[in-house]
Amino acid sequence: MIPARSAPAVLALLLLPALPGCAPRGSVADAPDRTAAAAAIPISVAPVEFRALRRAIEVVGTLEPWEEITISAKVDGRVGRLLRDTGDRVRGGDLLLELDPTDLGLAADQAERAFESELAKLGLKQLPLEDLELDKIPTVVKALEQMQYADQRAARAADLYERKAISQDSLEQVQSEFRVARAAHEAAILTARATLASALERKAELASARQRLTDARIVAPTLVLDGQPVEYSVAERWMAVGELARQGTRLFSLIVDTPLKLKAKVPERHASEVRVGQTAEVEVESFP
């Protein structure tokens, strides 16, 4: 039994749970509606269908030229003219650089004189396109005629000797002249063959000298890609006018930058997913 002096305190405690019911009219009734509106999520509905899912593998790589060509000197020479520089666009056959042709031109002239000298020994102005018949060389023809004449004299001398018209010494002298003429004919053939070989060697030397003179003009090579000749960009130039270029010295670096090729490493776990012919999308920071 609670004492009478404690009743007001107990009453106050019993009234505390009822205090929230004193809110303004309508606030308690509207709360569920606002909560439901806030909880509503819009959705879209579509028929179920099969679709191929696209999977992409992201890798980091480097864009490189399709081809990179280093142009080097084939002959020794001093740079006389420089016609292209870094950044220029060139096509196959365009002249890039020219070495001083003075020394190479003199060497070609000397080789030509040596070749003409060998031709003169054969009595020719130029070598025939087909195999040369040695019997038609003037020196061989002359030796052949002398041998035939000596043979005829030897035959007549033998006939006269049988008829006791000449002595044996005269017969032997004529026969000796025939043997000498025959040996001279054989020597003429050997000499003509050696001279012909020397002429062919001089001809090769002349062709080589002329080729070196041609190689003094450095031109861009012709490269065909997809049936069309490509255009190069001069990436680097290593020589200047007046510098001495040795055989094998680097002169230019040419690149084919249309198209480019991407080099990238695919993680091993995705190696089985990569196939030839798949499409790749490339993003470059300089061209977002």
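Helices and strands here are DSSP runs, a helix being H or I over at least four residues and a strand E over at least two, numbered from the N terminus. On that basis the chain has 5 helices and 10 strands. The model is predicted. Of the 288 residues in the chain, 20% are buried. Among contacts with a separation of 6 or more, 74% are between residues 24 or more positions apart.

One part to follow strand by strand is an open sheet of 4 strands, in the order β5-β4-β2-β9, with antiparallel pairing. Its edges are β5, residues 217-219, and β9, each of which pairs on one side only. Starting from the β5 edge, 3 bridges link β5 to β4 in the antiparallel sense. Within this pairing, L95 is opposite V219 of β5. The next step across the sheet goes from β4, residues 95-99, to β2, again antiparallel and again by 3 bridges. Here R81 faces E98 of β4 as its opposite residue. Finally, β2, which covers residues 77-82, is joined to β9, residues 244-245, by 2 antiparallel bridges. R78 has L244 of β9 as its bridge partner. As a general point, side chains in a regular strand alternate between the two faces of the sheet.

The helical part can be entered at H185, a residue of helix α5, which spans residues 168-215. H185 counts as buried because its relative accessibility is 11%, and the limit for buried is under 20%. Leaving aside residues up to four places away in sequence, H185 touches V140, A143, L144 and M147. Helix α4 covers residues 138-162, and the loop between α4 and α5 holds K164.

K164 has two further features. Its phi is positive, about 60 degrees, although K164 is not a glycine. Its charged end sits over the ring of Y161, 6.0 Å from the ring centre. With a relative accessibility of 71%, K164 counts as exposed, since the limit for exposed is over 50%. D226 also has a positive phi, near 55 degrees, and is likewise a residue other than glycine. D226 is placed in the loop between β6, residues 224-225, and β7, residues 228-229. Its relative accessibility of 74% makes D226 exposed.

Another backbone feature is the cis peptide bond between T258 and P259, with omega at about 5 degrees. P259 belongs to strand β10. In general, most residues other than glycine have a negative phi, and most peptide bonds are trans.

Ring interactions can be taken together. A search of the whole structure gives 0 aromatic pairs. A charge over a ring does occur, however: R250 lies over the face of W238, 4.0 Å from the ring centre.

The last stop is the largest pocket, with a volume of about 1,100 Å³. Its lining is made up of 26 residues, and those nearest the pocket centre are I57, E58, V59, A280 and E281. The elements giving two or more residues to this lining are β1, residues 61-72, and β10, residues 250-264. The largest share, 3 residues, is from β1.

Note on methods. Residues are numbered from 1 along each chain as its sequence is written. This is a predicted model: local features need pLDDT of at least 70, side-chain atom pairs count only at pLDDT 80 or more; totals for chains, interfaces and linings use all residues. Side-chain values use heavy atoms; hydrogens and water are left out. Two strands pair if DSSP finds at least two bridges between them. Buried means under 20% relative accessible area, exposed over 50%, partly exposed in between (1.4 Å probe, protein chains only). Contact means heavy atoms within 4.5 Å. Rings of Phe, Tyr and Trp (its six-membered ring) pair if their centres lie within 6.5 Å; planes under 30 degrees apart count as stacked, over 60 as edge-to-face and the rest as tilted. A charge sits over a ring if NZ of Lys or CZ of Arg is within 6 Å of the ring centre and within 35 degrees of the ring normal. On a 1 Å grid over the protein atoms alone, a cavity is a set of points where a 1.4 Å probe fits but cannot get out, and a pocket is an open set with protein on both sides within 12 Å along at least five of seven lines; lining residues have an atom within 4 Å of a point. Grid points are joined across faces, edges and corners, and a volume is the space filled by probe spheres set on the points.
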